[in-house]
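Let's take a friendly walk through this structure together. Have the sequence and the 3D view ready, and follow along one stop at a time.

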Amino acid sequence: MYKADLVAAFKNWFHKIFLYKKNRLLFPVIALTVSFLILDAISSFAQGNFGFHDGRTSEKISFKYHRNLIIVPLFINGQGPFNFILDTGVNFIILTNPVLQDQLHLSILKTILVRGLGEGKDTKAGVVGNLNLQVGKIDGGGFSAAILPAEEFSFSNYVGMSIDGIIGYDLFKSFAIKIDYENEILTITKPEEFKIQRKYRNYPLSIENQRPYIYTTIKLASGKSIKVKLILDTGAGHPISLEPGSDSSIIVPAAGLKSRLGIGLNGPIEGKLGRLPGLNFDGIELKNIVCSFPVYPKGAERKLSDDRNGNLGNEILSRFTIVFNYARQMIYLKANNTLKRPFEYDMSGLDLIASGKEYRNYIVTGIDPGSPADLSGLKENDIIMYINLVPAAQYSITEIDNLLRSGDKKKVNIVYQRGNQIGFTQIILKRRV
C-alpha cells in the first residue's frame, strides 16, 4: 500500500514525461564503458582447435547483445551453457567466473600475471588446461584458459547478466564468422567454404599477436586527416578510442569531458571524451563520432605492446554486418539500417551496476561532478526503484543506458531508496560531448 501511495503522489509529475515503452529499441544504442583490453602475452600454453565433426560446413548461432557486447553460449567439458563475451581483442580464453574452477573440477597448472589497461596492478590468474569446448555444433579439445580470482571485478554486475568468460582468437582463427548485429546471429563457416555475398566491401586485415587490425583514415578536430592503425575490438562497447602519443597529431582535447572510459582487468580506465569529425571506410564515411582518449597513470603506456593508434568498438562495428576471415586476412562490411544513427554519449552522468538474482536491481556506483545526475541530488549507493513510473526491474540495464542517452533536455523521473528513506528526483538530460 505504501508503494502505491508513493506512486500516486508522484503521478502528476510523471504524466507529461515520455514513457519509455514499446519504442525504446528505437533509441540510439550508444557505447557503454566496458572495454576488455587484456593480456599481453601468455600464448606459450596449449591452444586447441575448433571444427565441425558431423559433415556440416556452416552453423548459425543466436547471441545476446548487452551493453554493446556480444554474449555467446558456450559449453565446457560437457557442462553449460555458459555466457561468454565474444572479443576479438583477446588472444587467450579467460574464465571470469571463479566458481567454474570447482564446478568443472579444474586444476591450476601455473599462476601468471594478466596485464590489461587500467589504473590498478596487474592481475594474478591461474592457467587451466585440457578443456573441451562447444559452441552450437562446433567443438574442439585441448584448450587452455586463464581463470580470474574471486576478488576481481564482477563482469556480470556490469553487463547486467551472468558472464562466465571471454573468448576471441581461438574461435576466430578457425572460421569465417559473420556477425549480424541487427538480428543477433553469428554465422560460422569453414573458411574454404565461405563465399562473400554481393554488396559487401572487403578490407585487408592484419593479424598481429592474434588480434585483427585495419588501416583507415580519420579526420581530427584540427581539420587534419591521418591514416591510423586500429584494432577491431568486439570486446569494447565504445565507437573509437585513440591513443594519445601514438601519433603527434592525436592530442587529448583540452575541453573534452573528463570521464571514466571503461573497466579493464586492472581497474578503471580514465580519460577524456571528444568528437571525431570523420572516419572513412574506403568511401563509407561516419561523422561526428564520440571518441575516447584514455589517459594512463605514469608508466602504464608500456602495456601497449603493439604500434596501434587505437581501437574500433561495437558502437561503430554494429552499424555493419561484418565478416571476419582470419584465414584470408580480410574483413567484409555491409552497412545496416543503423549506419546513420547519430553518435551519442551518456547524458546523465550516472553510473549503474546491476545486482540480484536476475540482475534487475540497480545501484548507483558513481556520479560525475556537475552532471545532471549530480544536480538531481542522487548519490552513490542509492537504489533505483522506479523510472518514469515504471518499476526499474522491468528494464534491462541496456534499456536504462539507452534511456539516459535518449535526447538533450529530456526528463527522466526517478524514485530511489537511500538507506531506509524513499526519495523522488528528476534528471534533466544534457548532451555533454
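Our first stop is a pair of residues: Ile179 has Ile322, in strand β22, as its bridge partner. Keep in mind that you are looking at a predicted model. Now widen the view a little to the strands themselves. Strand β11 covers residues 176-180 and strand β22 covers residues 320-325. The two run antiparallel, and five bridges join them.

Widen the view once more, and β11 and β22 turn out to belong to an open sheet of six strands. Trace the strands across in the order β2-β12-β11-β22-β23-β13, with antiparallel pairing. At the edges sit β2 (58-62) and β13 (201-204), each of which pairs on one side only. As you step from one strand to the next, the twist averages 20 degrees.

Next, let's leave the sheet and visit two loop residues. Look for Asp368 in the loop that links β25 (361-367) with α6 (372-376). Is Asp368 buried or exposed? It has a relative accessible area of 17%, and buried means under 20%, so Asp368 counts as buried. Setting aside neighbours within four places in sequence, Asp368 is in contact with Ser259, Gly349, Asp374 and Arg432.

Our last stop is Ser406, in the loop between α7 (397-403) and β28 (411-418). Ser406 counts as buried because its relative accessibility is 12%. Its side chain has a polar atom 2.7 Å from the backbone oxygen of Leu403. Try finding that pair of atoms in the 3D view.

How values were computed: Residues are numbered from 1 along each chain as its sequence is written. This is a predicted model: local features need pLDDT of at least 70, side-chain atom pairs count only at pLDDT 80 or more; totals for chains, interfaces and linings use all residues. Side-chain values use heavy atoms; hydrogens and water are left out. Two strands pair if DSSP finds at least two bridges between them. Helices (H or I, at least four residues) and strands (E, at least two) are DSSP runs, numbered from the N terminus. Axes are lines fitted to C-alpha atoms, for helices over the stretch in contact, and angles run from 0 to 180 degrees between N-to-C directions. Buried means under 20% relative accessible area, exposed over 50%, partly exposed in between (1.4 Å probe, protein chains only). A polar contact is a pair of N or O atoms within 3.5 Å; within protein, one must be able to donate a hydrogen and the other to accept it, and residues adjacent in sequence count only if both atoms are side-chain atoms. Contact means heavy atoms within 4.5 Å.
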